[in-house]
Amino acid sequence: MKGPHMKDPLTLYGQSFSSRLLLGTARFDSPSLLADAISTADPAMLTVSLRRQISGSRESGQSFWNLLRESQRAILPNTAGCLTAREAVRTACMARDLVETNFVKLEVIGDELNLQPDPFGLVEAAVELVRLGFHVLPYCTEDWVLCRRLIDAGCAVLMPWAAPIGTGQGPRNPRGLRELRERAPETTLIVDAGIGLPSHACQVMEWGFDGVLLNTAVSRALDPVRMASAFANAVRSGRSAFLAGPMNVEEVAVASAPEIGRPFTLGFSQSTYSAH
């Protein structure tokens, strides 16, 4: 949502949001839990899978869309479940007609075991969707060559994974993620998939990532609403720490209070101390 006084907004394709947390809408035990989690997390956008989440009855689909509209959040449709570039482009076009947005989270899966993105199909679909006027947010790995190809295709936002979808493992390749952040300083980077704990979200925000997208870590928690709050706080804390400029890591101990002259004796002479 766009707030009136945003000091540090998340900007996606020229649109500003007061929150740096994006929330998925799948796998919640009930619509009321989803609604409460949305209210508590206060996310910038809600991700919705056209193929997976609205494939049920007409009544349940309508109820789901009513809930999303009542939340007054921006919707980010995704192409989850697509295995080819053609399938992803077709799904994105259907989503644009339904949701009336040019934003799309692009997913082209190459391995159904770990749901790893297909780098070739991903770039092919991104090129076509950019040509069609979409604001593309591709779900990708931290591989720099793939990310560079996506940037060259016209993607101003990338969504690298921390770990395979739904695993909750946290960042499996911290060095690779941090190197990606360093090599793409002008690109908006949102960590998507594999985040399991608020500490994971805080950590990647401390590294300078621009946002975090969550779903399973909230929806499958014992208390999804409380977990949504914890993640919202973690994302804000991590961003604040990054902006504050963390201290440099040292190899050896460095005294926090420098020694100047002799220590204070608090009024005791050496002889007095020795007598005791």
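This report walks through one predicted model, from its overall make-up to a few side-chain pairs and packing spots.

**The big picture**

Let's start with the whole chain. It has 10 helices and 12 strands. Out of its 276 residues, 46% count as buried. If you look at contacts with a separation of 6 or more, residues 24 or more positions apart account for 63% of them.

**Charged pairs**

Side chains of opposite charge can pair when their charged atoms come close. How many salt bridges turn up in a search of the whole structure? The search finds nine. Here are three of them, with the closest N to O distance for each.

| Acidic residue | Basic residue | N to O distance |
|---|---|---|
| Asp8 | Arg239 | 2.8 Å |
| Glu107 | Lys105 | 3.1 Å |
| Glu179 | Arg175 | 3.2 Å |

Take Asp8 and Arg239, which form a salt bridge. This pair links distant parts of the chain, with the two positions 231 residues apart: Asp8 is in the segment before β1 (10–12), while Arg239 belongs to helix α9 (residues 224–244). Is each partner buried or partly exposed? Asp8 has 28% relative accessibility, so it counts as partly exposed. Arg239, on the other hand, has a relative accessible area of 12%, so it is buried. There's a third member here too: Arg20 joins Asp8 and Arg239 in a network of salt bridges.

Now for Glu107 and Lys105, the second row of the table. Glu107 is buried, with a relative accessible area of 5%. Lys105 counts as buried as well, because its relative accessibility is 6% and the cut-off for buried is under 20%.

Glu179 and Arg175 also meet in a salt bridge. Where do they sit relative to each other along helix α6 (residues 174–183)? They are four residues apart in that helix, so about one helical turn separates them. Glu179 is partly exposed at 38% relative accessible area, whereas Arg175, at 66%, counts as exposed.

**Rings, and charges over rings**

A pair of aromatic rings is described by the distance of the centres and the angle of the planes. The whole structure has two such aromatic pairs. In one, the ring centres of Tyr13 and Phe103 are 6.1 Å apart and the planes stand at 80 degrees, so this pair is edge-to-face. This is another link between distant parts of the chain: Tyr13 lies in the loop between β1 and β2 (15–17), Phe103 lies in strand β6 (residues 103–106), and they are 90 residues apart. Tyr13 is partly exposed, with a relative accessible area of 24%, but Phe103 counts as buried at 6%.

The other pair, Phe64 and Trp65, is edge-to-face too, at 6.0 Å centre to centre with 70 degrees between the planes. Both of these residues are buried.

Rings can have charged partners as well. Arg96 lies over the face of Phe134, 3.9 Å from the ring centre. Remember Lys105 from the salt bridge with Glu107? Lys105 also lies over the face of Tyr139, at 5.6 Å from the ring centre.

**How some helices pack**

Helix α3 (residues 85–99) and helix α4 (residues 119–131) have axes that come within 8 Å and cross at roughly 35 degrees. Their crossing is right-handed. On the α3 side, the contact is made by Ala85, Ala88, Val89 and Ala92, and on the α4 side by Gly121, Glu124, Ala125, Glu128 and Leu129.

Then there's helix α7 (residues 198–206), where Pro198, His200, Ala201, Cys202, Val204 and Met205 are buried. What do the buried residues of α7 pack against? They pack against β11 (188–192), β12 (211–214) and α9. Just after α7 comes Gly208, which takes a positive phi of about 105 degrees.

**Backbone oddities**

Most residues other than glycine have a negative phi. Which way does Tyr13 go, positive or negative? Tyr13 isn't a glycine, yet it has a positive phi of about 50 degrees. Leu115 also has a positive phi, near 55 degrees. You'll find Leu115 in the loop between β7 (109–111) and β8 (116–117), and it is partly exposed, with a relative accessible area of 23%.

Note on methods: Residues are numbered from 1 along each chain as its sequence is written. Side-chain values use heavy atoms; hydrogens and water are left out. A salt bridge is a side-chain nitrogen of Lys or Arg within 4 Å of a carboxyl oxygen of Asp or Glu. Buried means under 20% relative accessible area, exposed over 50%, partly exposed in between (1.4 Å probe, protein chains only). Rings of Phe, Tyr and Trp (its six-membered ring) pair if their centres lie within 6.5 Å; planes under 30 degrees apart count as stacked, over 60 as edge-to-face and the rest as tilted. A charge sits over a ring if NZ of Lys or CZ of Arg is within 6 Å of the ring centre and within 35 degrees of the ring normal. Contact means heavy atoms within 4.5 Å. Axes are lines fitted to C-alpha atoms, for helices over the stretch in contact, and angles run from 0 to 180 degrees between N-to-C directions. A crossing is left-handed if the near helix is turned anticlockwise from the far one by less than a right angle, and right-handed if clockwise.
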